[in-house]
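I opened my notebook for a fresh model today. Here is what I looked up, in the order I went.

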Amino acid sequence: MQSPVHCSVPLDAPIGKHPGHLAIPYSYNLGGWANLLVPLCVISNGPGPTVLLLAGNHGDEYPGQVAIQNLWRQLSPTDITGRLLLIPTLNPPAAHAATRLSPLDGRNFNRCFPGNPQGTPSEILAHFLSAVLFPLADVVIDLHTGGRSLNFVPCAHSHRVNNPAQFAATEAFLTEFCFLYTDVAGSGLLPSEAEHQGKLVITTELGGGEPVPALIHRLTQSGLSNVLRHLGLLKGPAAQRLRPARWVESLHRDDYRFAPVSGLFEAVTDLAAPVAPGQLLGRILDLEDPNRPPLEIISPSAGILIANRAPSRVAQGDCVAVIAHETNPYA
Ligand SMILES: [Zn+2]
């Protein structure tokens with residue numbers, strides 16, 4: 001089935017810079033023939049790699065949206081070799097609302113793949129990416145943070161795929177930690193579909209929580225530019241790492257700690273700190289009964305604390321801590 005998405009720019013122009021948008025038809029009570037506009041810019045300069053650069057998959061994750069907007073304004077065709085497809089905000093309604101999920105359809109865009117051309121706006125856009133944009137791309141970059149719900153040690157991350165080139169490109173983001181993760185919270189992820197189509201996929205978790213320190217913006221911008229140089233898309237030599245990447249992985253469900261009860265989360269262990277089996281990571285306090293002893297969140301294994309709960313209010317079942325273990329993805 002053909003996509004109902006209208007693309008206002010030429011995806012196959014050989015040379016030039018073409019800012020525009022994708023238009024996804026939808027209806028609401030005051031707009032029977034409304035369109036959801038998703039900004040898209042195509043920058044082309046002859047033969048070379050095609051890189052699809054994405055952020056705002058989750059609306060409340062802003063560093064990648066800022067970094068891609070900056071590239072949108074700054075880059076000229078002569079700065080690159082090949083083709084760059086920029087979508088700074090995949091989910092504009094969620095970004096406006098500062099939410100993870102789309103307020104249009106309640107969907108988590110990162111669980112909508114491969115999508116459905118007859119579905120909700122999120123499903124229609126996911127289908128357009130799967131059916132039209134991914135097939136054009138050699139490399140798909142999808143920039144995330146922990147959003148409002150998780151604080152992450154800033155890292156580039158990847159599934160444990162059988163593709164050393166993907167790990168080398170992940171290291172080119174120049175974060176101290178590189179993180180192998182597994183889909184602990186459902187299927188239908190954007191990177192999974194892109195990997196399924198044989199693409200080299202680079203993703204990140206660049207901090208989280210509501211404030212975005214200047215350091216995180218600098219890390220996102222410089223890491224992204226370095227990856228684009230590493231890929232041969234952006235002209236100029238890629239910077240080499242000063243120290244080898246610290247590869248860690250959280251591939252087992254036990255590595256992800258969930259709140260057994262609702263309450264107030266008190267972090268006890270610092271992010272990126274080494275942890276021992278049985279170590280106290282945090283406590284959940286009862287909001288209504290200070291006499292009740294807090295419930296302790298304990299690390300089941302040795303490793304480092306790669307992420308923890310961002311908001312103090314926690315609901316039963318929320319992820320409150322993630323333990324990562326040293327690994328070698330090339331082994
Ligand atoms: Zn995200």
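**Domains first**

I started with the split of the chain into domain 1 (6-249) and domain 2 (254-325), with bounds from an automatic or database domain assignment. A note to myself: this is a predicted model, where local features need pLDDT of at least 70, side-chain atom pairs count only at pLDDT 80 or more, and totals for chains, interfaces and linings use all residues. Residues are numbered from 1 along each chain as its sequence is written.

Next I checked the domain centres, taken over C-alpha atoms, and found 30 Å between them. Domain 1 and domain 2 each put 13 residues into the contact (C-beta atoms, placed from the backbone, within 7 Å). On the domain 1 side, strands S7 (150-152) and S11 (246-250) give two or more residues each, and S7 gives the most, with three. I took strands (E, at least two residues) and helices (H or I, at least four) as DSSP runs, numbered from the N terminus.

**The core**

I then looked up the largest nonpolar core and got 85 residues, with Val51 and Ile141 among those with the most contacts inside it. Its members are buried Ala, Val, Leu, Ile, Met, Phe, Trp, Tyr and Cys residues joined through C-beta atoms within 7 Å; buried asks for 20 or more other C-beta atoms within 10 Å of a residue's own. Helix H3 (residues 121-136) supplies the largest share of this core, seven residues. Val51 touches Ile141 and Leu231, among others, not counting residues up to four places away in sequence.

**A hairpin**

Last, I followed S2 (residues 15-28) into S3 (residues 31-45), an antiparallel pair with 13 bridges; pairing needs at least two bridges by DSSP. Two residues make the hairpin link, and Ala23 stands opposite Leu37.

How values were computed:
A residue is buried if 20 or more other C-beta atoms lie within 10 Å of its own, exposed if 12 or fewer, and partly exposed in between; C-beta atoms are placed from the backbone. Two residues are in contact if their C-beta atoms, placed from the backbone, lie within 7 Å.
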